[in-house]
Amino acid sequence: MKLTTFARISAFAALAGTAMPAYAQQTVTWWDFFAGGDGVRMKALIEQFNEEHPDIQIEATTLEWGVPFYTKIRTSAAVGAGPDLMTYHLSRLPLGLDEGVLTPITEADMEAAGLSEDDFFERSINAAKGPDGTLYAVPFDIHSIVLYYNKSYLEGTRFLDDEGNLTGIENLDDFEEAMQAAADNGSETPVTYATGDDGGAYRVFYTLLAQQGGTLISEDGEVLPGDSTEKAIRAVEIMTNWQEQGWQPEQALYEASVALFTSGQSAFQLNGVWEVPTMKDLEADGSLGFEWGAVEVPQLMDTQTTWADSHAWAIPVQGDEEMSAEKREAVMEVVGWMEKNAIQWADAGHIPAYKPVAESAEFEAMEPNATYAELAEDATYDPRSIVAGVASPTYDAALNIISPAVHGYLSPEDAVEQMKVELQNRMQ
């Protein structure tokens with residue numbers, strides 16, 4: 001009997017054992033919003049996973065960050081045209097639950113991934129849960145703003161120790177003294193952040209509010225409850241004073257704010273950990289021109305805390321369709337593998353949310369990440385509200401109300417009152 005071509009191939013494959021790779025049994029469609037250095041690192045992780053898993057293949061698509069991404073998630077979930085797996089900001093979780101676009105992550109899902117909730121930093125795993133404690137996402141990292149510093153402007157001051165590390169900033173007065181010392185040493189703009197952008201203004205404002213123990217939006221939806229109004233006014237006053245003293249840039253957009261630091265004009269930069277690769281790359285090719293470091297934002301007010309968020313993995317609703325058990329197991333295998341290989345993602349400046357990686361010797365040797373890693377325990381996530389999170393009304397309020405106030409167009413009191421009214425109206 002003459003064998004068909006398919007039969008001959010099958011027989012050969014059986015005899016060859018592992019000599020021939022298996023055909024892919026599951027394809028996991030994936031959407032993310034990573035561009036730049038983050039995108040390069042994520043693509044490398046995807047390629048490595050696909051090489052190691054011939055039975056599961058990731059088909060990845062990168063979409064535009066922010067409102068476009070989350071709008072596409074909402075519309076695709078309604079008609080069942082979304083991905084099997086997506087990246088998601090935990091700050092957007094309340095809105096995602098309100099829109100009904102997220103499916104629960106069960107204990108069986110976590111077991112399939114080889115993970116447990118105890119593997120993650122408490123603040124990140126709590127931010128991944130709904131009000132009833134149901135898990136809806138798996139945290140991948142913790143990213144926050146940190147304080148970058150240019151050592152050259154601090155030489156001869158009390159703010160560098162014998163090893164050249166930042167020291168002596170234990171309150172707001174200390175930080176303002178350090179900025180003035182840097183100005184005296186020739187720094188044109190002692191501290192830079194995106195004063196004219198939503199993210200930069202919001203993250204600094206929210207950090208100063210949180211360090212006073214203030215609440216932007218309470219669990220029952222009240223904006224700046226109790227004495228949080230006074231604390232918000234104080235945060236705006238601090239930022240306004242930095243502007244009046246000439247310590248920070250005027251209406252700087254994000255790219256310009258980064259350029260002020262990388263070009264050596266600013267002694268300090270308040271920006272996300274995601275700029276660590278920028279600094280390392282400039283240092284490696286010899287174009288930076290100064291020694292630098294990065295630390296957790298110091299305790300300027302009453303409490304040691306900093307604004308933070310997490311990139312996470314989530315499985316979206318697919319219209320009326322249920323994901324098959326086999327597909328879901330493959331999706332969770334992807335999630336588990338990514339978590340266990342997160343040291344490569346940490347190279348982008350992030351802190352792994354998965355503690356076995358964050359507590360590994362390899363991560364503890366990674367600088368400057370290890371220096372600011374303690375912020376994972378101190379992080380303050382955005383309010384659990386449908387108007388909070390990245391690319392949300394809270395960010396809009398920072399751009400349209402807080403930033404103008406910092407630049408003298410509104411009093412801090414009027415700005416905070418306008419923000420309260422704006423956010424409260426958005427929740428109606």
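## Exercises on a predicted model

S310 has a relative accessibility of 0% and is therefore counted as buried. The structure is a predicted model, with a mean pLDDT of 93 for the protein and 94% of the residues at 70 or more.

### Exercise 1. The surroundings of S310

Determine where S310 lies in the chain and which residues it touches.

*Solution.*

Step 1. Locate the residue: S310 belongs to the loop between β9 (306–309) and β10 (311–314).

Step 2. List the contacts, leaving out residues up to four places away in sequence: S310 touches Y88, H89, L90, S124, D141, I142, H143 and Y381.

Step 3. Examine the polar atoms. A polar atom of the S310 side chain is 2.6 Å from the backbone oxygen of D141. The side chains of S310 and Y381 are joined by a polar contact of 2.7 Å.

Step 4. Combine the results: D141 and Y381 both appear among the residues that S310 touches, D141 through its backbone oxygen and Y381 through its side chain.

### Exercise 2. Salt bridges

State how many salt bridges a search of the whole structure finds, and analyse the pairs R74 with E99, R158 with D174, and R234 with E237.

*Solution.*

Step 1. Recall the principle: side chains of opposite charge can pair when their charged atoms come close.

Step 2. Give the total: the search of the whole structure yields 10 salt bridges.

Step 3. Take R74 and E99, whose closest N and O atoms are 3.2 Å apart. R74 is in helix α3 (residues 67–79) and E99 in helix α4 (residues 93–99), so the bridge ties together parts 25 residues apart in sequence. Both residues are partly exposed, R74 at 36% relative accessibility and E99 at 27%.

Step 4. Take R158 and D174, whose side chains form a salt bridge with an N to O distance of 2.8 Å. R158 is in the loop between β5 (141–150) and α7 (172–184), whereas D174 is in helix α7, so this pair ties together parts 16 residues apart in sequence. With a relative accessible area of 42%, R158 is partly exposed; D174, with 11%, is buried. The threshold that decides the latter case is 20%, since buried means a relative accessible area under that value.

Step 5. Take R234 and E237, which form a salt bridge at 4.0 Å, N to O. The two residues are three places apart in helix α9 (residues 228–244), so about one helical turn separates them. R234 is partly exposed at 35% relative accessibility, as is E237 at 32%.

Step 6. Look for shared partners: R158, D174 and E177 are joined into one network by salt bridges that share partners.

### Exercise 3. Aromatic pairs and the aromatic cluster

Classify the geometry of the pair F33 and F69 and of the pair F120 and Y354, and identify the members of the aromatic cluster.

*Solution.*

Step 1. Choose the descriptors: a pair of aromatic rings is described by the distance of the centres and the angle of the planes.

Step 2. Establish the total: 19 aromatic pairs are found in a search of the whole structure.

Step 3. Apply the descriptors to F33 and F69: the centres are 4.9 Å apart and the planes enclose 85°, an edge-to-face arrangement. This pair links distant parts of the chain, with F33 in the loop between β1 (26–32) and α2 (36–52) and F69 in helix α3, 36 residues apart. F33 and F69 are both buried.

Step 4. Apply them to F120 and Y354: at 5.7 Å centre to centre and 55° between the planes, the pair is tilted. F120 is in the loop between α5 (107–113) and α6 (122–127) and Y354 in the loop between β11 (351–352) and α14 (355–358), so the pair ties together parts 234 residues apart in sequence. F120 is buried, with a relative accessible area of 2%, and Y354 is buried at 9% relative accessibility.

Step 5. Assemble the cluster: W30, F33, F34, F69, Y70, Y88, F140, W313 and W345 form one aromatic cluster.

### Exercise 4. Charges over rings

Identify the ring over which R92 sits and the ring over which R203 lies.

*Solution.*

Step 1. For R92, the charged end sits over the ring of Y70, at 4.3 Å from the ring centre. Y70 is also one of the members of the aromatic cluster.

Step 2. For R203, the ring is that of W307: R203 lies over its face, 4.8 Å from the ring centre.

### Exercise 5. Confidence at the start of the chain

Determine where pLDDT stays under 50.

*Solution.*

Step 1. The stretch comprises residues 1–24.

Step 2. For residues 1–24 the model has nine contacts beyond four places in sequence.

Note on methods:
Residues numbered from 1 in each chain as written. Predicted model: local features only at pLDDT ≥ 70, side-chain atom pairs only at ≥ 80, totals over all residues. Heavy atoms only, no water. Helix = DSSP H or I, 4+ residues; strand = E, 2+ residues; numbered from the N terminus. Buried < 20%, exposed > 50% of the residue type's maximum accessible area, 1.4 Å probe, protein only. Polar contact = N/O pair within 3.5 Å; in protein donor to acceptor, adjacent residues only side chain to side chain. Contact = heavy atoms within 4.5 Å. Phe/Tyr/Trp six-rings, centres within 6.5 Å; stacked < 30°, edge-to-face > 60°. Lys NZ or Arg CZ within 6 Å of the ring centre and 35° of its normal. pLDDT = per-residue confidence, 0-100.
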